[in-house]
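Dear colleague,

I am handing over the structure shown below, together with a summary of what was found in it. Please read the notes alongside the sequence and the model.

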Amino acid sequence: MVATSENRTRNGHVLVWEQPQLFQSEDEKGKLKKWWGTRHFVTFMLFLGMANAYVMRTNMSVAIVAMVNHTALEQEVEEFDDECPDTDYGNSTELQQDGEFAWSTSLQGYILSSFFYGYVITQIPFGILSKKYGALRFLGWGMFINSAFAFLVPVAARQGGFGWLIAVRFIQGLGEGPIVPCTHALLAKWIPPNERSRMGAAVYAGAQFGTIVSMPLSGLLAEYGFDGGWPSIFYVFGIIGVVWSLAFIWLVYEDPSSHPTIDEREKKYIISSLWGTASITNPPIPFKAIIKSLPFYAILLAHMGQNYGYETLMTELPTYMKQVLRFSIKENGILSALPYLAMWLFSMFISVIADWMISSNRFSHTATRKIINSIGQYGPAVCLVAASFTGCDRVLTVALLTIGVGLNGGIYSGFKINHLDITPRFAGILMAFTNCTANLAGLLAPIAAGNIIEGKPTIAAWQVVFFIAAFVYIFCATFYNVFASGQRQPWDNPLNDEPETRHSITNGHPNTVIESRQ
């Protein structure tokens, strides 16, 4: 299926925003092939922001190991399965350095989850506010608050106790809430349709990059850092976050039309590609139309299935390896980083393929999103099923974990960027709804696994866990393949805006004017 088969028409004519090539001279096309432009700088800053966000989200999981006095706690007996032979590879019993706090396992759980609750409840409010007031400052100042409060973590833990620490981490989560919806809103304003796959993947791959960098670095700081080790994790990453936030607010602009130094050719190229997005109109949010939109529900289910499956891959499969295979991947730094590294590299590779599929006119936006997303969600499902039949083969299980998470990188050029296709002007709001719901769905994975394997962590019980996750992946990906669309939806048609929101704009091309009804 080729892209031309899906071009929408109005009175027999192709809509102007689907013909950005009409607004570029041959000279402009040549100039725009430069490898670095303002939109690339914006993408790079958003990549660093996403990396920083995931650093802030995950650094407590490393720090808390060094914060807790393990000797003072009553040791819990962990249940293991005896179907596989024991091994000391990757499961060595290192002497743990005792920390300052005698926090029980359940209390540690509350501390670790406090960030998440702050993060989830601000998704939708910031998505709506960013549409009305702009996304840039919500993102920049939100991450500034997140980073600044990192300096208070050691003080809160030492002076105020776990209650104040939970409060500080909750506020950090509130600050990080805007990161995903506001990033999506900025991508919608800056990135032309034929570049969305690789630019979007580059930004969201910052999550894997941040995890790859932060986990080993946090471990080193916990052992060798200043002020007792673990506090240096929050000081160092807090400084990095504050510097990024101020640089982002200072150097990045809301959209191309408000940027004072952007090359005029690049500005015209972006605006003509995204007419109706780059400060052209500001219509009210069409909530009723969104609620009735099947392409929206396709993205929503794909996002929910992704978070459930990803949590199973990244948290439950390692637990299976420890309880059944008697092998702890978390205690081997290189193996721990492999899945994240595989996902980062594959997401970059497949995003280039996705944009080529679209720009070559061999595939439509819809077909491209469905094909790439199928790789990103059917692939991990197959690996989960295969992992349940590996028996006691540790090497094969690690390989399947790495391949499954790696293939999962396809989602960044699949449903994850699809919001921008169907509604450039409301992409941030749609992402706020889907990301909030998906994060809640992700909580179900450890709950389901815990109930299934409680008291009997056998291979058979774990097979049920993996089969459920694989079914969720397959069902959600199939629903997406049936109902998803890569086309801009009628409820985001600028021609249908109320008269007071419409304008006649000149796109900069001689004798060409984009007209809208008054």
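To begin with the chain as a whole, residues 24 or more positions apart account for 83% of those contacts in the chain that have a separation of 6 or more. Please bear in mind that this is a predicted model. The chain comprises 21 helices and 4 strands, and 56% of its 518 residues count as buried.

Two helices and their packing

Helix H2 covers residues 38–67 and helix H7 covers residues 162–176; the two pack with their axes 10 Å apart, at an angle of about 160 degrees. Angles over 145 degrees count as roughly antiparallel, and H2 and H7 are therefore described as roughly antiparallel to each other. Their crossing is left-handed.

On the H2 side, the residues that take part are Ala53, Tyr54, Met56, Arg57, Asn59, Met60 and Met67, and they meet Leu165, Arg169, Gln172 and Glu176 of H7. By type, the residues of this contact divide into 6 nonpolar, 3 charged and 2 polar.

Aromatic pairs

The structure holds 17 aromatic pairs. In one of them, the ring centres of Phe47 and Phe209 are 5.3 Å apart and the planes stand at 45 degrees, so this pair is classed as tilted. The pair joins distant parts of the chain, since Phe47 belongs to helix H2 and Phe209 to helix H10, with their positions 162 residues apart. Phe47 is buried, because its relative accessible area is 12%, whereas Phe209, at 28%, counts as partly exposed. Both residues also belong to one aromatic cluster, formed by Phe44, Phe47, Phe209 and Trp344.

Three loop residues

The remaining notes concern individual residues in loops.

Gly228 is placed in the loop between helix H10 (206–224) and helix H11 (230–251). With a relative accessibility of 59%, Gly228 counts as exposed. Once its neighbours within four places in sequence are set aside, Gly228 is in contact with Arg158 and Ala222. The C-alpha atom of Gly228 is separated by 9.6 Å from that of Glu100, a residue 128 positions away along the chain.

Asn361 is found in the loop between helix H15 (333–359) and helix H16 (365–387). Most residues other than glycine have a negative phi. Asn361, although not a glycine, has a positive phi of about 65 degrees. Its relative accessible area is 45%, so Asn361 is partly exposed.

Asp492 lies in the loop between helix H21 (459–483) and strand E3 (505–506). Is this residue, Asp492, buried or exposed? Its relative accessible area is 0%, and Asp492 is therefore buried. Leaving out the neighbours within four places in sequence, the contacts of Asp492 are with Ile422, Thr423, Pro424, Arg425 and Phe426.

For a visit to the model, I would suggest taking the topics in the order above. Helix H2 appears in two of them, through its packing against H7 and through Phe47 in the pair with Phe209. The loop residues can then be viewed one after another: Gly228, which is exposed, Asn361, which is partly exposed, and Asp492, which is buried.

With kind regards

Conventions: Residues numbered from 1 in each chain as written. Predicted model: local features only at pLDDT ≥ 70, side-chain atom pairs only at ≥ 80, totals over all residues. Heavy atoms only, no water. Axes fitted to C-alpha atoms, helices over the stretch in contact; angles between N-to-C directions. Parallel < 35°, antiparallel > 145°, perpendicular 65-115°, else oblique. Left-handed = near helix turned anticlockwise from the far one by under 90°. Contact = heavy atoms within 4.5 Å. Nonpolar A, V, L, I, M, F, W, Y, C, P; charged D, E, K, R; others polar. Buried < 20%, exposed > 50% of the residue type's maximum accessible area, 1.4 Å probe, protein only. Phe/Tyr/Trp six-rings, centres within 6.5 Å; stacked < 30°, edge-to-face > 60°.
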